[in-house]
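Visitor: I'd like a close look at one part of this protein, and then whatever the rings and cysteines around the chain have to show. Could you walk me through it?

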Amino acid sequence: MNYIKYVLKWCLPFETFSCFLADEKERFDPTQFQESIVQGLNQTGTDLEAVAKFLDASGAKLDYRRYAETLFDILVAGGMLAPGGTLSDDMTRTEYCLFTASEDLETMQAYAQVFNKLIRRYKYLEKGFEEEIKKLLLFLKGFTESERNKLAMLTGILLANGNISASILNSLFNENLVKEGVSAAFAVKLFKSWINEKDINSVAASLRKVGMDNRLMELFPANKRSCEHFSKYFTDAGLKELSDFARNQQSIGARKELQKELQEQMLRGETLKDIIAYVREEMKKTSISEQTMIGIVWTSVMSSVEWNKKEELVTEQAIKLLKQYGPLLKAFTSQGLSELTLLLKIQEYCYDNIHFMKAFQKIVVLGTLCYVFEEVILKWYTESHVAKGKSVFLEQMKKFVEWLKNAEEESESEEEEGD
C-alpha cells in the first residue's frame, strides 16, 4: 500500500492525490466509516427505499467487510453498541435506525427488506449479519421493551424468509435472559411475526434443521420447564400453534426415549414378563395408545439385533427373533386396529429394508400364530395396505389369502350344515 501511495504521489496532480488519500481514510478508518454511514442515514431519513439505495452504492467505496459490525450496529441502534447493549460514548449517531422506527409489523417488514437487499448485494455480509443478530439477542437486557419488540418482529420476519438461520435462537437460552423472563417475552413477539409471515410448518422445519425442535422448553427457568407451563404461557399469548408443536415434540422425544430403553432391556436379556410390565406402566404414565405403542415395540424388536447382510439368511434370523418376541407383540395387539397397525409397520419395514422384501410373507404367516388375526390380514389385503411395495407384497400374499378365504367359506358351510 505504501508503495502504491509513493507511485501515485509522483504520478498524479496534488488535488487528485489528496482525493485518493481522503477516500483511503474513509475506507479504512473506523471513525470515518461510522461518520459516512451516519451522514448517509441522516440524509435519507425515514425513506427506507432511499436507505437501501444509499447502502447499495456505499458498498463500492466503504469497507463493509472490515466494518460489518459497525454497519449493523448503526442500522439497528443508531450508533456503535458497547458491551451489554448501551450506545457507546461516541457521539456519532443517527436518529434514523430500527430502534427509533415505528413499532409495527409493516415498518419491520420494510426494514427486513433493507437488510435483505444489502446482504443479497454483498453476500459476504451474510455471516457477519447472523453474528450481529446473535450478539443483539445477548444484549436484550440493555434495550428498552419497545426496542426488544422491534428486534423480535424483525428477527421473526428474517427467519420466516430464510435470511438467517434458526441457530441464532441459541442466544435466547442464555441463563440470565431466561431467568428474568426476557427470552420468553421476546420469543412471543418473534414467533408471532414468523407465523404471520409464513406458518407453523415453517417454524417447525427451520427448528428441526438446526436441531432445536426439542429445545423450546429452555426458554423458561428449570423450575418452570414443563409442557403444561409452556402450553399455558404461549396459548395465553395467542400462540396455540406453537404450544401444540412443543407438546407434539415432547411426545416424540418421550417415544424415542421409550424405544431406547426397550432396546436396552432386550440387550440386557430382561424377561418378557418384565418388559411387558414396563411397557404397560409407560402407557399409563404417558397416555400412549396401543396403536402407537405397538409401532414402538415393533421398531425396538427389529432394532435389537444386527441383521445378516445375506438375503437368504435374514428371513431365518427374523423368524427366530419374532418367535422369541411374539408374546411381547401379542400383548399390545389386543385390538383389531393395533393388529392392522402392526401389519402396516411390517409392510413398511420390509419395503424400507431391501433384504426383507422376500421375508414379508413368512413374517405375516408367523404372525397368524402369534400376533395377527386372519380377518385383519384379509382387511389389509383388500383395502388397508399402503403403497410401499404394494404389488410385490400382494403377490407374495395371494396364495395365502386365497387359502384363508377358502378356509373361511368352508367354516361357514360347516356351520350352516350344523344348523
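How many residues does helix H10 have, and how far does it reach from its first C-alpha to its last?

Guide: Happy to. This is a predicted model, with local features taken at pLDDT of at least 70, side-chain atom pairs only at pLDDT 80 or more, and totals for chains, interfaces and linings from all residues. Numbering starts from 1 along each chain as its sequence is written, and side-chain values use heavy atoms, leaving out hydrogens and water.

Helix H10 covers residues 182-197, which makes 16 residues. From first C-alpha to last it reaches 23 Å, close to the 22 Å expected (1.5 Å times one less than the number of residues). Helices here are DSSP runs of H or I, at least four residues, numbered from the N terminus.

Now look at what H10 tucks away (buried is under 20% relative accessible area with a 1.4 Å probe, protein chains only). Its buried residues start with Val 182, Ser 183 and Ala 184, carry on through Phe 186, Ala 187 and Val 188, then Leu 190 and Phe 191, and finish with Ser 193, Trp 194 and Ile 195.

On to the rings: the structure holds 21 aromatic pairs (Phe, Tyr or six-membered Trp rings with centres within 6.5 Å; planes under 30 degrees apart are stacked, over 60 edge-to-face, the rest tilted). Take Phe 33 and Tyr 64: their planes sit at 85° with centres 6.3 Å apart, so that pair is edge-to-face. Phe 33 belongs to helix H3, while Tyr 64 is 31 residues away in the loop between H4 and H5. Both are buried, Phe 33 at 0% and Tyr 64 also at 0%.

For a stacked pair, try Phe 115 and Phe 129, at 5.0 Å centre to centre with 25° between the planes. This one ties helix H6 to helix H7, with the partners 14 residues apart. Phe 115 is buried at 2%, and Phe 129 is buried at 2% too.

Back with Phe 33 and Tyr 64, you'll find them in one aromatic cluster with Tyr 67, Tyr 122 and Tyr 124. Tyr 124 also has the charged end of Arg 65 over its ring, 4.1 Å from the centre ("over" means Lys NZ or Arg CZ within 6 Å of the ring centre and within 35 degrees of the normal). Arg 280 does likewise with Phe 332, at 5.7 Å.

As for cysteines, the whole structure has zero disulfides (sulfur pairs within 2.5 Å). Cys 227 is buried at 3%, and Cys 350 is buried at 0%.

Terms used. Buried < 20%, exposed > 50% of the residue type's maximum accessible area, 1.4 Å probe, protein only. Helix = DSSP H or I, 4+ residues; strand = E, 2+ residues; numbered from the N terminus.
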